[in-house]
Structures are given as structure tokens and as C-alpha cells.
There are 2 protein chains.
Amino acid sequence: MRTNPERRQALIDAAIEVLAREGARGLTFRAVDAEAAVPAGTASNYFASRDDLFTQVGGRIYERLLPDEATITRHREGAQDETRYAELMHELVDRVAAFNSGYLALLELRLESTRRPELRAVLTKRIREDIDANIGYHATSGLPGDSTSVVLLYLALNWLIVERLTLPDIFTQQEIHELVDAAVRRSLNA
Amino acid sequence: MRTNPERRQALIDAAIEVLAREGARGLTFRAVDAEAAVPAGTASNYFASRDDLFTQVGGRIYERLLPDEATITRHREGAQDETRYAELMHELVDRVAAFNSGYLALLELRLESTRRPELRAVLTKRIREDIDANIGYHATSGLPGDSTSVVLLYLALNWLIVERLTLPDIFTQQEIHELVDAAVRRSLNA
DNA sequence: AACGTAGTACTACACATGGAGTGGTGTCAA
DNA sequence: TTGACACCACTCCATGTGTAGTACTACGTT
């Protein structure tokens, strides 16, 4: 088992692209090798098994979907009202759009996790942490709404993103924008 | 190309199970043959190509997820208020849970549709029709809320179902129940 | 400066799996 | 008798895994 961390990371990032493009079943050692432009057999040397590969990708993918520190601190400033909340959510949707393949890969992982208990455990942990972090962030931010608002927004926006990524002709850009606004507005009404 | 409609249907239904269990890439003619317990090569005779198979499954799957006539007419009776609306949505979530593999197969199809334009066209059409039908049904039902409520509920509940099917430990049954209620209540507040 | 060693990159191969497509035969009913 | 279909068998082909073996590079030792 090789340990070179840059190379391992490059392989995992390549795996994310493969996942998004070819689907879970298309995530093979050889496909990762090809995507990362390394010699055939390299991924075999870095991951004990396909299961191991899936699990490591599951651990990494979520990091890449989170906002960076700069974005977070930027949003801590200014009035924390409904308008700001909406901005935050628009930013979230746009951020995911900018890392399209990452979100698609996460969906593939979710589906694959119905077949791989280890992967499911990793994803469950990460996502539960993320939801709790969002609730916690919200609680200290001074933004309006309660924890249920946060979860409802999480639900609606996630599917909105799915819709946009998988069947982009269902809603127009304009409709998506309005739906985000509406979701924020209504989820705040307890 | 064979035309026996019962057999074709049986093959398509088998394909749905294969999709849910093995993923999109695992949907092969041979796997369908095995699932439908027919001799190897049968699916080859019924579908011109894998693409054709995907498209036909895409056309059929959505029918099987819709409520039957009895359920619909039953819901037309009684007071059409927020409580009734919530009942309706709980029924929707339970119905999907009862046809677990159907919903998972639909998710697989959505992801596969990023690679198959023909499938994407079929799914887009079906789903757009379903959303419009829901909006239309709502408009004539006397239920509270506007068309935006309907779409917001569609978004939130879809992801709730995804969450439950793919990572069942994220939310408890109790939380899911409460989230459905909250989603109904808040989406109605314009 | 020469040498040895460890870790890794790279290559090649042996082995296995699984699926597509098709041609042919048997069967049943109009 | 004929046609449609179920069923079976066989060939061809593509792809992936795992691993053994070789080459390279950096580093420490004397």
C-alpha cells in the first residue's frame, strides 16, 4: 500500500470525476488510473479494494462541497435578516453548480451506499454532522427562523439542486431563483 | 423484435428491480433475463438496445409511483383543509416507502439521464406533467395554499424520501413525520 | 564520492468474468 | 403450412483485477 499523500488525493479527486461521469459501477481502478493520468495499476496500489476506494471518496467529497473559510466569515458580517438568509442560500446553490460533478458524485455515493454498509456509515456521519453544524451556525448567527427552518431549507434546496443537475429543463433559471426565495420566506414562518 | 405485451411488461418490471439493486450500469440484458426468470437472450429480443431499455423503463416507472384511482377519489372527500393536506403528504411518503425499489430506480434513471439524452427527454416530460398535474389537482381541490406551496412541498418531500431511502439513520421515523407536518404548514404560509 | 537501501513509479501478464449478438430448433395456434 | 415466439447454445469481445518484476529516485552511510 502506497502512502504518497498528493498522489492519493489526486486519485480520489479523479475518482470523483469518474463517479459523476460514469456512475458508481463505472468507478474501477482502471478508470481512476485513466482519469488521473497515471499508469494502470496505480489505484490498485493505493486502495485495498473497491470498497476502500468508495469509503475514502465518501470521506473526501463532502469537504469539497463545503464553503471555504473566507465565504463563511464574509457572511458573518452585515444585517442577519431574511434577505441575508436568501443571499446565503443563493450562494449555496451557485456553489454547488460550480462543482457540478462533486454533487453528482455524492448522489452516486448515496445510491451506492445502499449496497455498501461501510460507505453508508461514513456518509451518515458526515451528513449528520453537516446538518448539525448548519443548525448550530444558524443558532448563533442571529438569522431568523428555528432549527426546523434550517432542515426544511436543507430538504428543499437539495432537491432543487438535484432537479437542476439531472433534468435541467424542468425549472427555468428564473423559476429556480424564485423557488429559493420562496423556500427561505416560507420556511421561516413557524 | 418481440411484441408479447405481458412479457415485455414483466421484463420492464424486472428491470426496475435490477436498477434499484445493481444500479444503472448493472442494468444489462442478462441481468434482466435473470431477474425475470426467463432464458438468457430474451431481453435482447425485446429491446433494440440498452438505450431502448432505459427509455422504456423511464416511461413505465413513473406510472407505478403514482397513486391509484381509488386513493385519489378517496381523498376528494371530506374537508379540504391543512390537516387533510398533511394526511395526503403522509400517504405519499408511505406509498413511496412501499415501493422502495421503484423510487431508487427512478433516482438511478435520473443520474443515468445525464448520459442519455433520449431518457432525459422522457423523464423531463413525465415529471413536468406530474408537477403540472399536482398543481392542477391542487387548484381544483379547495386545499389551502398556492402553486408555489405545491412545488415547495414537492421539493422538500422528494429529498426527505431520498434521505430515508439512502441514509435511513439521518432522521428518525418520528423526525420524518414531524418534518412532513412542518413542511405542509410552512409551505402554505405565503 | 561510491554504495546500499527503501519506497515508489511503472510495465506487463495471467486469469477470470460477463455481456452482446445471433442462428438455430422446438412449439403452438391460426 | 406458416408465422410468431420461447428457448438454447455458441462465438466473439471487452474489461477489470491482482500481482510479479523492473526501473527510478532520494537519502543515509561509510
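**Entry 1: the contact between the chains**

I take contact to mean heavy atoms within 4.5 Å. With that in hand I turned to this predicted model and looked up how many residues each chain brings to the contact, and I found 50 residues from chain A and 50 residues from chain B. I then looked up the buried area, which is about 4,300 Å² between chain A and chain B, with carbon and sulfur atoms giving 65% of that area.

**Entry 2: how the copies are related**

I asked myself by what turn chain A can be laid on chain B. The turn is 180°, with a shift of 0.0 Å along the axis and an RMSD of 0.0 Å, and I noted that this is the relation of a two-fold axis. In chain A, I found that A:Ala156 has the C-alpha nearest the axis, 2.1 Å from it. I also noted that 100% of the interface residues of chain A are interface residues in chain B as well, so the copies meet through the same surface.

**Entry 3: polar links and the helices behind them**

I looked up the salt bridges between chain A and chain B and found a count of 8; one of the salt bridges I looked up joins the side chains of B:Arg110 and A:Glu163, at 3.0 Å from N to O. For residue pairs in polar contact between the two chains, with both residues at pLDDT 80 or more, I wrote down 22. On the side of chain A that touches chain B, the helices that each supply at least two residues are H1 (5-22), H7 (100-112), H8 (117-141), H9 (147-166) and H10 (173-188) of chain A. H9(A) gives the most to this side, with 14 residues. When I sorted the residues of this side by type, I had 26 nonpolar, 11 polar and 13 charged.

**Entry 4: DNA strand C**

Which residues surround DNA strand C? I found residues of chain A, among them A:Arg2, A:Thr3, A:Pro39 and A:Tyr46, and residues of chain B, including B:Thr28, B:Arg30 and B:Arg50. Of the strand's atoms within 4 Å of the protein, 65% belong to sugar or phosphate and the rest to bases.

I then looked up distances to phosphate oxygens of DNA strand C: a polar side-chain atom of A:Arg7 lies 2.5 Å from one, a polar side-chain atom of A:Asn4 lies 3.2 Å from one, and a polar backbone atom of B:Phe29 is 3.4 Å from one. Helix H3 (42-46) of chain A and helix H2 (29-36) of chain B are the elements that give two or more residues to the surface near this strand, and the residues of that surface divide into 4 nonpolar, 4 polar and 4 charged.

Methods: Residues are numbered from 1 along each chain as its sequence is written. Chains are lettered from A and ligands numbered from 1 in the order in which they are written. This is a predicted model: local features need pLDDT of at least 70, side-chain atom pairs count only at pLDDT 80 or more; totals for chains, interfaces and linings use all residues. Side-chain values use heavy atoms; hydrogens and water are left out. Copies are superposed by least squares on the C-alpha atoms of residues with pLDDT of at least 70 in both. A residue is near a molecule or strand if one of its heavy atoms lies within 4 Å of it. A polar contact is a pair of N or O atoms within 3.5 Å; within protein, one must be able to donate a hydrogen and the other to accept it, and residues adjacent in sequence count only if both atoms are side-chain atoms. Helices (H or I, at least four residues) and strands (E, at least two) are DSSP runs, numbered from the N terminus. Ala, Val, Leu, Ile, Met, Phe, Trp, Tyr, Cys and Pro count as nonpolar, Asp, Glu, Lys and Arg as charged, and the others, Gly among them, as polar. Buried area is the accessible area (1.4 Å probe) that two parts lose on being put together, summed over both. A salt bridge is a side-chain nitrogen of Lys or Arg within 4 Å of a carboxyl oxygen of Asp or Glu.
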